[in-house]
Each structure stands twice: as structure tokens, then as C-alpha cells.
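I open this notebook to keep track of what I looked up, entry by entry, on charged side chains that pair.

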Amino acid sequence: MTPETCLSIGRRVLRIEADAVHRLAESLDQDFTRAVETILGATGRVIVSGMGKSGHVARKIAATFASTGTPAHFVHPAEASHGDLGMVARGDVCLVLSNSGETPELADIVAYTRRFGIPLIGVAGKPGSTLLRQADVALVLPPADEACPMGLAPTTSTTMTLALGDALAVALMEHRQFTPEHFREFHPGGKLGARLSTVADLMHSGEDIPLVPVGTAMAEALIVMSRKSFGVVGVTDTDGRLAGIVTDGDLRRHMTGLLERSVEEVMTANPLTIAPDVLAEKAVAVMNDRKITCLFAVETGRPVGILHIHDCLRAGVA
């Protein structure tokens, strides 16, 4: 097979699936709204289930729901028939996926929802299928050929189902006014967690902050500056507000008679600061733009912490 043939096949598959997703978007109607409202009305969790490839998609949809503010978990339909139906309770909503709508392994979980009055949202490609006839809300996938040349391997159908799950998750997110702060609660690890860290999460506070009051001799300020190892010292006024900072650059500019001076003679007044609730990613951008390595975090003018670029690097923010 030539490289050109490989590219041709890849593009053909993507065009087929993209066209199907476009048709799915155009086909959404009030049943989609009813599905969202049904999930919002649940006092429990969303139980997502499916068999085979639909099961793999169901796991991803459940994970997306759970990470975006809609409590959810996956239940394997075959395991449900052997005890895992106990994971489904009143107050839950079941979202069941099956392209044919006739998957035999789903029979027990569907029957269980009917017996105990648990709302059932069905997703399938055949409007008259058993699953959709039993469902309280039926979401029908539009007719579309599988990208598989034999029309057998679930390809286009699973792509549409996955996209529909994302559409439900985002609609629920926006209704719940899910914020980056909420998102961070569910994503404390990895690159996402790092990107959503705030200055307060990474800054040094308390006794670690290099601070001296106005009137301090530079000889003493240098000791504090050296001991704290930030390469900077903050200068506070009589009200505890940050009046200025002394940096390595300030030291070089005032080398003559430095030790005979006081901090206010050397400091840079009204320094650049940042609020502790700002994203650390923003703080990194500010430090890079101003070519500095530290920022004091202040609240109502008073220093509450100090953030070094190395803290951000260690956390994976920069």
C-alpha cells in the first residue's frame, strides 16, 4: 500500500465520520432537552451502560460526566446480571447505549429500571428497537454508514455516540454554571491540575516571606534577603502594606555606600504584585513578560505570600 493510498483511506474515514456527526447535530430535537432535564432532575447518579464497543464509549461518557460536575459511573451489563444491579438505586438515571437497540445483555438492566421506576435514557440507531421502545427518553442516532469498508466494525456509530455523550456533558456543565474552579477540584493531578493551580496553591507564606519594615538598614535587609533565598526582599510601611521591594538590580544600582543606606533609599517603590486567587499560569505569563523571577501576592495591599518562577516550574505550570 502506497503512502498516498493510506492518506486517502484516512481522509475518507474522517470525512464519513465528520459527516455523520454533522447529521447528528442537525437531528437533535426536544428529546435531547428531555434527556438533559431528566439527568438534572436525578437525586442520584447517572449509570451509563453498554456492551462491546458501546461499553467502551459508555465508560468514557461516564468519566466525562463525573469530571464535569455530573456524578456518574459505568456498570457493565453482563456484570449487572450477576449482582452489579445493586449499584443502581432509586434516584439514579440510566443512560444505556446500543447501536442496534437489541443487545441481549442489556435486557436485565433495562428490566430493572422498569421494575423500580428508574428513568431510562436510551441511545440507539434504530427508532423501533426494544431499547428505545422501553426508554423514557429515546435519543436516535441518524442513519449513517460505518466507515469500515465491510460496514461491520463499529466506527461511525461509536463516534456519533461519543459525540452525543459530550454534547450531554457540556449542556449539563453550562446549566450548572460549572467553573474552572470546580473543574480543578476534580483534576488536581497532571497538566490540567497544574494549569488550574492558583498563586495561593504554590506561593510561600508566613515566615517564608522575605520582609523588612521601612527604616531597616540595608545591612540587615541583605541578611534577610540571603536567608530567604528569593533574591528579593519586600519592604512594608507602618500599616503593613507593601511599600516596595529590593532586588538584585537595585543592589547593583546602589553599590556605592550600599551598607550605609536604609531600604527605602534603595527599594523600587510600588512594585508589581499579584492577587493570590489568580491562576499561576497567569503569574508565569506576567513574570516572563516583565523578565522577573518573583512576585509578591498581596491582599488589600498587604503581602500574604511570594511566588517564585521555580515553584511554577516544579508544579508543571510553566
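I began with K60 and D166, whose side chains meet in a salt bridge with N and O 2.7 Å apart. K60 lies in helix α3 (residues 53-67) and D166 in helix α7 (residues 156-175), so this pair ties together parts that are 106 residues apart in sequence. I then looked up accessibility: K60 counts as partly exposed at 35%, and D166 is partly exposed as well, with a relative accessible area of 29%. I note here that the model is a predicted one.

Next I turned to R34, which forms a salt bridge with D31, the closest N and O atoms being 3.0 Å apart. Both belong to helix α2 (residues 30-40), where they are three residues apart and thus separated by about one helical turn. R34 has a relative accessibility of 38% and is partly exposed, while D31, at 24%, is also partly exposed.

My third entry concerns D250 and R253, a salt bridge whose closest N and O atoms are 2.7 Å apart. The two residues lie three apart in helix α12 (residues 248-253), which is about one turn of the helix. Are the partners buried or exposed? D250 is buried, because its relative accessible area of 2% is under 20%, whereas R253 counts as exposed at 59%.

For the wider setting, I recorded that the structure holds seven salt bridges, the pairs above among them. I also copied from the unreviewed UniProt entry the annotation "domain: SIS", covering residues 35-178. The end C-alpha atoms of that span lie 19 Å apart, and it is 41% helix and 15% strand.

Conventions. Residues numbered from 1 in each chain as written. Predicted model: local features only at pLDDT ≥ 70, side-chain atom pairs only at ≥ 80, totals over all residues. Heavy atoms only, no water. UniProt positions renumbered as here; feature names shortened; annotations may be inferred. Helix = DSSP H or I, 4+ residues; strand = E, 2+ residues; numbered from the N terminus. Salt bridge = Lys/Arg side-chain N within 4 Å of Asp/Glu carboxyl O. Buried < 20%, exposed > 50% of the residue type's maximum accessible area, 1.4 Å probe, protein only.
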